[in-house]
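Trainee: I should like to learn how to read a ligand site and the pockets of a protein. May we begin with the contacts of the ligand?

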Amino acid sequence: MVSFEILCIECGTSHDPSRPAYACSSCGNLLEARIDEAEAAADLAEGGHSERPLSVWKYREAIPIEDATQAVTIAEGGTPMVRCRRLEEELEVHNLWIKFEGANPTGSFKDRGMTVGVTKAIELGMSVVTCASTGNTSASLAAYAAAANLDCAVLIPEGKVAMGKLAQAMMHGADVLSIKGNFDQALEMVMTAAEELGMYVLNSVNPFRIEGQKTAAYEICDQLNGVSPERLYIPVGNGGNSAAYWKGFREYDSMDLTSGCPLIRGIQAEGAAPIASMFSEDRSELIPVEDPETVATAIRIGNPANWKKTVAAIKESGGSASTVTDEEILEAQKFMARLEGIFPEPAGAAALAGFMKDLDEELVDRSSVVVCVSTGHGLKDPDTAIAQCAKPRVIEPTMEALSRMLGGAGE
Ligand code: F0G
């Protein structure tokens, strides 16, 4: 296993990696895993990683897990990077890609974090795993807990989880608790319960989740033949994934496996944008949004636990965060579906919506190499999709009725 430390992002205090920990014992800030990059680079080369197929575990020498051969895996990662020719033409840009994380086994990027996080749960001897979730984390954790034969309890905001995600958590056998409150309240409860009841938390405050999710950035560089994109657009909810991508790009660059790092544009929904407002108001402290609301329920979060990590990451990249409206999100969702054949859930269209807005406002060079991360599959939220489309027309089972409907085509 690669040498690593679990360090506080603020005061640098080192924590025992053999004990579950999510916050610094001296100052309460977030923790992160710091791997020995030189060692990881040497081990990746020696292991012949460049010959392996794309997957999270392609990069096992850079993932702080005792024994990767024991990983709890259902074949996550290795998701498509789609060159968007029709969108390029429509938007008059020259180099646009979508990284479609909806193609992961449970339909979202969470699987990258869970394969590592749940493997770590086993390594630490934990028998119960838990999370708070707007839907995808619970779906993914439920699946990996099933594969690992662990008990799993998930807390979700009542009535605000898309139908597909709820079906997944229930079908995989998790204990699903619907909270009469929002995600932020559910997460607070989970953090308290975990300590009292000895459960392992697999929200993105868990540093090992981030270690899995960073592999998406490695993968993008590999898919671009060893270079980083110039810009990365990514939706921001709790702020874990954007921080994970930045960690991945930085590490891959310092291991000399790619050149350069992208500027990161974090995109939030207008009704749930506490991080974007820090940028627009030039503030250094987070002011939580009390009642976050957006059609993109995955990112309906008012008090993001990872705000410090993600704000630091976005700033270090030279980027910033901004907002899109629900209408802009739904428009981008339709664009992806109708021009590229990619069906994202609303949050999975927020990045493209952000890019389209930047183009409108002339904030981006049209020849830049741009990757928009599409974080979750559209089948997760069929209700929102159906509500935007014309209903199927019902006809009699006759050729006459068919040709009347199709305007005489084929006659
Ligand atoms: N996109 C999708 C589809 C998500 O499910 C989430 C987060 C995000 C983007 C934002 O990622 O929180 O790391 O900034 N979903 C979590 C959940 C909160 O519970 O499923 P983030």
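Mentor: A backbone N or O atom of Asn241 lies 2.8 Å from an oxygen atom of the ligand. Such a pair is a polar contact, that is, two N or O atoms within 3.5 Å. This is a predicted model, in which local features need pLDDT of at least 70 and side-chain atom pairs count only at pLDDT 80 or more, while totals for chains, interfaces and linings use all residues. Residues are numbered from 1 along each chain as its sequence is written, and side-chain values use heavy atoms, with hydrogens and water left out.

Trainee: Which residue has a side-chain N or O atom 2.6 Å from a nitrogen atom of the ligand?

Mentor: That residue is Thr375. Thr134 instead offers a backbone N or O atom, 2.8 Å from an oxygen atom of the ligand. The protein buries 99% of the 480 Å² that the ligand exposes when taken alone; these areas come from the Shrake-Rupley method with a 1.4 Å probe.

Trainee: Which residues around the ligand come nearest?

Mentor: A residue is near a molecule if one of its heavy atoms lies within 4 Å of it. There are 21 residues around the ligand, and Ser133, Thr134, Asn238, Gly239 and Thr375 come nearest. Helices H4 (136–148) and H9 (240–254) each supply at least two residues of this shell; helices are DSSP runs of H or I with at least four residues, and strands are runs of E with at least two, numbered from the N terminus.

Trainee: How is empty space found, and what is the largest pocket like?

Mentor: Rolling a probe the size of a water molecule over the atoms shows where empty space is left. On a 1 Å grid over the protein atoms alone, a pocket is an open set of points with protein on both sides within 12 Å along at least five of seven lines, and lining residues have an atom within 4 Å of a point. The largest pocket has a volume of about 830 Å³, a volume being the space filled by probe spheres set on the points. Its lining has 32 residues, with Tyr22, Ala23, Gly28, Met191 and Val205 the closest to its centre.

Trainee: Which helix gives the most to that lining?

Mentor: Helix H6 does, with eight residues.

Trainee: What lines the second largest pocket?

Mentor: This pocket holds about 250 Å³ of space. Among its 15 lining residues, Ile9, Glu32, Arg250, Lys309 and Ala312 are the closest to its centre. Strand E3 (31–35), H9 and H11 each give two or more residues to the lining.

Notes. A polar contact is a pair of N or O atoms within 3.5 Å; within protein, one must be able to donate a hydrogen and the other to accept it, and residues adjacent in sequence count only if both atoms are side-chain atoms. On a 1 Å grid over the protein atoms alone, a cavity is a set of points where a 1.4 Å probe fits but cannot get out, and a pocket is an open set with protein on both sides within 12 Å along at least five of seven lines; lining residues have an atom within 4 Å of a point.
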